[in-house]
Amino acid sequence: MSTVGEGKVSSNGHGCCKSGPGYASPLEAISGPRESLIYVTSVYTGTGIEKPDYLATVDVDPNSPTYSKVIHRLPVPYLGDELHHTGWNSCSSCHGDPSADRRFLIVPALVSGRVYVVDVKTNPRAPSLHKVVEPADIIQKTGLAYPHTSHCLASGDIMISCLGDKDGNAAGNGFLLLDSEFNVKGRWEKPGHSPLFGYDFWYQPRHNTMISTSWGAPSAFTKGFNLQHLSDGLYGRHLHVYSWPGGELRQTMDLGDSGLIPLEIRFLHDPAKDTGFVGSALTSNMIRFFKTQDESWSHEVAISVKPLKVQNWILPEMPGLITDFLISLDDRFLYFVNWLHGDIRQYNIEDVKNPKLTGQVWVGGLIQKGSPVVAITDDGETWQAEVPEIQVIAI
């Protein structure tokens, strides 16, 4: 089994190494079989529909009669959860534990604070709810709320970034640990080592390092984005460097005005590499971080997405708003999406200091043909993006 993009889409594949689930390396995983199913979190937030969120199972086998269709929906028991990023109970690697079984999908609910555990092995085409970790239990034992990113650890534990306390204050954020039976163990970071803000995180064990990113205070982002909240200091612009697996905050990197609201973060897949990327959403920059000769960490802007001049929008210029991104398993390409502009970009990053744009496709966004919003060129001409007709999956 593997996770696609470490975001809201997860996939359930087959094939494993001799001892433990997954593959010996990311490069070996490239030769693995094609995924046949993906699981997609589907939310009703902002729609006005009073129904529970659900996990959709989508058939992605081209030879299947139900290809590209939703073949199952698993609703959660409550309203208003806002299901978010998913993870697995066991890592996709040959970690030498033949008893490890990658059968559970971990589904944090950002707003309610619940963590759902879904059994995807008993019936992969129709997953079932295995356990609910209730927010009251998490708050009582850790003080944490607003869970976001889930990663499985080599220890068998599950680590989830939490973005604040029960009252929506960012100062209460940190990292939740669940054991292999999905019981609350406590917090991962050492006392007094919580970050300024929370969001995503990624670790590189051979460099004894974990780095986390900064979204904002739940009391701000749950009400919708407000520029005043940025001025009020309720959104982040920092990377937090931790000892791994020790949990000591060793360094805080201020990304400055070029790195406002850094969200998704990825190290290169090669475990020997000491570099990676983070997407700054508001300023639409892809920032490279790396280790220096003195064993500290530094950063630089690697890719900048120029804002578009527009008409009929809330502002005269529209940022790209980089959201999720991924790095190919061979570390050759980086892919990211500009959520507002509507394009997906491919960059060659074999030279990590000089990414090269090698592909771009428009799949949506606010400036597609038929939209009231139009982009304006430097010479005053207006244009809109041609979005190809694609297979639509009815979620």
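**Two domains and a four-stranded sheet**

Good morning. The area buried between domain 1 and domain 2 comes to about 2000 Å², and carbon and sulfur atoms give 70% of that area. On the side of domain 1, His151, Leu163 and Trp188 supply 29% of the area buried against domain 2, more than any other three residues. I should say at once that this is a predicted model.

Allow me to place these two parts. Domain 1 covers residues 27–188, and domain 2 covers residues 199–394. Their C-alpha centres lie 23 Å apart. How many residues of each domain are in contact with the other? In domain 1 there are 27 such residues, and they meet 26 residues of domain 2.

What kinds of polar pairing are found across this interface? The rule finds 0 salt bridges between the two domains, whereas 8 residue pairs are in polar contact there. As for the elements involved, helix H1 (26–30), strand E5 (70–75), strand E10 and strand E11 each supply at least two residues of the side of domain 1 that touches domain 2.

Two of those elements, E10 and E11, lead us to the sheet. Here 4 strands form an open sheet, ordered E10-E11-E12-E13, with antiparallel pairing. Which strands stand at its edges? They are E10 (145–152) and E13 (184–187); each has a single partner strand, so one side of each is left without a neighbour in the sheet. On average, neighbouring strands of this sheet are turned by 30 degrees against each other, direction ignored.

In general terms, strands of a sheet pair through backbone hydrogen bonds, either parallel or antiparallel. In this model, the antiparallel strands E11 (residues 158–164) and E12 (residues 174–178) are joined by 5 bridges. Met159 stands opposite Leu177 in E12. Helix H2 (residues 135–142) packs on the sheet, where the helix touches E12 and E13. The direction of H2 makes about 45 degrees with that of E13.

I turn lastly to charged pairs. Side chains of opposite charge can pair when their charged atoms come close. The structure as a whole holds 19 salt bridges. One of them joins Arg103 to Asp119, with the closest N and O atoms 2.8 Å apart. Where in the chain do Arg103 and Asp119 lie? Arg103 is in the loop between strand E6 (87–88) and strand E7 (104–108), while Asp119 belongs to strand E8 (residues 115–119). The two residues are 16 residues apart, and the pair thus links distant parts of the chain.

Thank you for your attention.

Key. Residues numbered from 1 in each chain as written. Predicted model: local features only at pLDDT ≥ 70, side-chain atom pairs only at ≥ 80, totals over all residues. Heavy atoms only, no water. Pairing = 2+ DSSP bridges. Axes fitted to C-alpha atoms, helices over the stretch in contact; angles between N-to-C directions. Contact = heavy atoms within 4.5 Å. Domains from an automatic or database assignment. Buried area = accessible area lost by both parts, 1.4 Å probe. Salt bridge = Lys/Arg side-chain N within 4 Å of Asp/Glu carboxyl O. Polar contact = N/O pair within 3.5 Å; in protein donor to acceptor, adjacent residues only side chain to side chain.
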